[in-house]
Amino acid sequence: MITQNPLPNLTFEPMHSCDLQEVIKIENECFEDPWSEIYYMLSLKRPRSYEYFYVARREHTIVGYIVFSILYEAAHILNLAVPTAYRRQGIGKYLLTSALEMIQAHDGREVFLEVAVSNLPAQYLYRQFGFRICGIRKNYYGRYKDAYVFRKGVETHAV
Ligand SMILES: CC(C)(COP(=O)(O)OP(=O)(O)OC[C@H]1O[C@@H](n2cnc3c(N)ncnc32)[C@H](O)[C@@H]1OP(=O)(O)O)[C@@H](O)C(=O)NCCC(=O)NCCS
């Protein structure tokens with residue numbers, strides 16, 4: 001997929017089982033309560049038609065990934081991560097832009113996601129793309145760890 005490319009040689013590609021070692025390392029680095037390797041493994045082995053697992057790769061290194069679903073008109077960003085060493089270089093924006101392009105191409109009309117109330121960097125990122133808070137889920141990430149629900153209409157996704 002061709003989209004704005006913040007770093008030289010950066011590509012947006014489907015995630016494969018052989019990527020899992022790198023992905024799990026990033027997942028464990030980025031999240032207090034990471035998705036398990038077995039979950040990724042099963043998801044890639046028995047893909048669901050509405051779920052998308054994509055990585056950003058620079059040369060041979062995975063520098064981030066995004067997981068999203070598209071069910072009829074409604075899409076959901078389920079996971080997004082960039083390892084610490086590669087942050088603030090535009091990779092998060094690149095992953096989100098690429099996912100939103102795919103959602104638009106699949107006739108998605110609105111996109112939802114949950115983000116921890118305490119996760120300000122991710123909230124700044126989503127706000128740049130026009131996401132706005134439409135709800136709150138109490139204790140979503142554990143006790144006293146609430147999540148905002150963010151939503152945006154796809155037709156307005158330009159940054
Ligand atoms: C959120 C995350 C994916 C951003 O990735 P990134 O590659 O660093 O993001 P980008 O470089 O594309 O930055 C995009 C925008 O995000 C915001 N942002 C990112 N990191 C930020 C920080 N530490 N402080 C403030 N704003 C930040 C800024 O608005 C930035 O735009 P700018 O550079 O023009 O100011 C990354 O920090 C991450 O993986 N965090 C841990 C996992 C996580 O929280 N995932 C989201 C779960 S909902």
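The structure holds 13 aromatic pairs, where the rings of Phe, Tyr and Trp (its six-membered ring) count as a pair if their centres lie within 6.5 Å, and where planes under 30 degrees apart are called stacked, those over 60 edge-to-face and the rest tilted. One of these pairs is formed by Phe-12 and Tyr-54, whose ring centres are 4.6 Å apart and whose planes meet at 15°, so the pair is stacked. This pair connects distant parts of the chain, since Phe-12 belongs to strand β1 (residues 10–14) and Tyr-54 to strand β2 (residues 51–58), 42 residues apart; helices (H or I, at least four residues) and strands (E, at least two) are DSSP runs, numbered from the N terminus. Both Phe-12 and Tyr-54 are buried, a word used here for under 20% relative accessible area, with exposed for over 50% and partly exposed for what lies in between (1.4 Å probe, protein chains only).

The model is a predicted one, in which local features need pLDDT of at least 70 and side-chain atom pairs count only at pLDDT 80 or more, while totals for chains, interfaces and linings use all residues. Residues are numbered from 1 along each chain as its sequence is written, and side-chain values use heavy atoms, with hydrogens and water left out.

Phe-12 and Tyr-54 also take part in a wider arrangement, for together with Tyr-52, Phe-68 and Tyr-94 they form one aromatic cluster. Ser-69, in strand β3 (residues 61–71), touches Tyr-52 of that cluster, and its further contacts include Tyr-50, Glu-51, Ala-74 and His-76, not counting residues up to four places away in sequence; contact means heavy atoms within 4.5 Å. With a relative accessibility of 11%, Ser-69 counts as buried.

How is Trp-35 placed, and what does it touch? Trp-35 sits in the loop between α1 (20–30) and α2, and, once its neighbours within four places in sequence are set aside, it is in contact with Ile-24, Glu-27, Tyr-40, Phe-53, Val-67, Leu-78 and Asn-79. For Ile-24, eleven residues away along the chain, the C-alpha atom is separated from that of Trp-35 by 8.2 Å. Trp-35 has a relative accessible area of 25% and is therefore partly exposed.

Helix α2 (residues 37–45) contains Leu-42, which at 38% relative accessibility counts as partly exposed. Leu-42 joins Ile-38, Tyr-39 and Met-41 in a nonpolar patch on the surface, and together these residues have about 340 Å² of accessible area. Such patches are made of residues with over 30% relative accessible area and no salt bridge, with nonpolar side chains (Val, Leu, Ile, Met, Phe, Trp, Tyr) joined within 5 Å and like charges within 9 Å; the areas come from the Shrake-Rupley method with a 1.4 Å probe, and for residues only the protein chains shown count as cover.

Charged side chains add another set of links. Side chains of opposite charge can pair when their charged atoms come close, and a salt bridge is taken as a side-chain nitrogen of Lys or Arg within 4 Å of a carboxyl oxygen of Asp or Glu. By this rule the count comes to seven salt bridges. In one of them the side chains of Glu-32 and Lys-145 meet at 2.9 Å, N to O, and this pair links the loop between α1 and α2, where Glu-32 lies, with the loop between β6 (132–137) and β7, which holds Lys-145, 113 residues apart. Glu-32 counts as exposed at 73% relative accessibility, whereas Lys-145, at 39%, counts as partly exposed.

A salt bridge also joins Arg-48 and Glu-51 (3.2 Å, N to O); Arg-48 is partly exposed, with a relative accessible area of 38%, while Glu-51 is buried, with 15%. Glu-110 and Arg-151 form a further salt bridge, with the closest N and O atoms 2.8 Å apart. Because Glu-110 lies in strand β5 (residues 110–116) and Arg-151 in strand β7, the pair ties together parts that are 41 residues apart in sequence. Glu-110 counts as partly exposed at 25% relative accessibility, and Arg-151 counts as partly exposed at 33%. Elsewhere, Glu-13, Asp-19 and Arg-57 are joined into one network by salt bridges that share partners.
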